Amino acid sequence: MFGIIISGRLVQTDFTPVSETQFLFNIPDADNINHIVVFMTGQTPFPDDYGGAVYFAWPSSEGPSWILLGHISNQKPSAIFKISSFKHSSEDGQNQIHFGDVSQKQSHQAQIGISAEPLTQLAQQTPATQSNATSVPSFVEFSTKMLENLFNYTSSFAVTQSQMVPNPSENFVPLSTLKTWYDNFQRKLQHNPFFWKS
């Protein structure tokens with residue numbers, strides 16, 4: 001019914017049923033994994049009005065701490081989750097979910113748990129914010145740092161008009177033009193991080 005994809009590895013469909021409504025994937029050598037795709041194979045759909053809550057666990061000395069990543073359903077049969085920020089962390093361990101004695105405490109082995117639950121219940125759950133594959137704040141931070149780097153680099157070559165040596169093959173752009181572009185781009189980015197797509 002379910003499968004997971006980890007970049008550079010074969011598709012994994014060998015889950016362990018823990019109960020009639022809970023399923024567990026073991027993920028060996030999980031240290032270098034950043035994203036996991038969880039999907040339904042299409043062979044067996046969820047019962048009407050049901051979906052699957054997707055949890056991630058990185059074992060700790062106290063046992064696995066389950067973090068809600070999101071959900072899949074018949075209407076949304078796949079999802080990609082960023083899990084790199086959850087490794088070795090138990091700060092979001094407040095999700096009280098237990099996948100039985102099958103849960104591992106082995107180092108470097110993470111787990112994905114899928115729990116079949118009513119869609120109304122899934123809609124009320126709040127996934128961990130770091131699990132989203134795309135993060136607007138990260139993008140804005142990167143763009144701002146890139147702009148600052150470009151401005152600092154180009155301004156390091158600035159010369160006054162009296163310092164300029166005539167060179168007919170060289171083009172010059174006033175630093176004030178670059179500063180105006182920088183300010184405009186930053187203002188647009190703060191107003192709408194995806195303005196550049198339009």
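Colour the chain by secondary structure to begin: three helices and eight strands should appear in the protein chain. Keep in mind as you look around that this is a predicted model. Now follow the chain from the N terminus: the elements run β-β-β-β-β-β-β-β-α-α-α, with the eight strands and three helices in that order.

**The whole chain**

Switch to a surface view next. About 12400 Å² of the protein chain is exposed, and carbon and sulfur atoms supply 53% of that area. Of the 198 residues, 34% are buried. If you draw contacts between residues at least 6 apart in sequence, 73% of them join residues at least 24 apart.

**The open sheet**

Go back to the cartoon and select β2, β3, β8, β5 and β6. These five strands form an open sheet in the order β2-β3-β8-β5-β6, with antiparallel pairing. Which strands lie at the edges? They are β2 (16-17) and β6, each of which pairs on one side only.

Zoom in on β5 and β6 together. The two strands run antiparallel and are joined by seven bridges. Select Gly-52 here, and you will find Ile-72 of β6 standing opposite.

**The nonpolar core**

Keep Ile-72 selected and add Phe-2, Ile-27, Ile-36, Val-38 and Ile-112. Within the largest nonpolar core, which has 24 residues, these six touch the most other members. Two or more core residues come from each of β1 (2-5), β3 (22-27), β4 (35-40), β5 (50-57), β6 (66-73), β7 (78-82) and β8 (110-118). Which element gives the most to this core? That is β8, with four residues. As a general point, nonpolar side chains in soluble globular proteins tend to be buried together.

Now centre the view on Ile-27 and show its surroundings. Beyond its neighbours within four places in sequence, Ile-27 is in contact with Ile-4, Ile-6, Arg-9, Ile-33 and Ile-36, and also with His-108, Gln-109, Ala-110, Gln-111 and Ile-112.

**Helix α3**

For the last stop, select residues 175-191, which make up helix α3. This helix has 17 residues and reaches 25 Å from its first C-alpha to its last, close to the 24 Å expected at 1.5 Å a residue. Show the side chains of Leu-178, Tyr-182, Phe-185, Gln-186 and Leu-189, which are buried. Why do they share one side of α3? Look down the axis: these residues are on the same side of α3 because they cover an arc of only 100° around it.

Definitions and conventions: Residues numbered from 1 in each chain as written. Predicted model: local features only at pLDDT ≥ 70, side-chain atom pairs only at ≥ 80, totals over all residues. Heavy atoms only, no water. Buried < 20%, exposed > 50% of the residue type's maximum accessible area, 1.4 Å probe, protein only. Contact = heavy atoms within 4.5 Å. Areas by Shrake-Rupley, 256 points an atom, 1.4 Å probe, with all protein chains shown as cover. Core = buried A, V, L, I, M, F, W, Y, C linked by side-chain atoms within 4.5 Å. Expected span 1.5 Å × (residues − 1). Arc of directions from axis to C-beta. Pairing = 2+ DSSP bridges.
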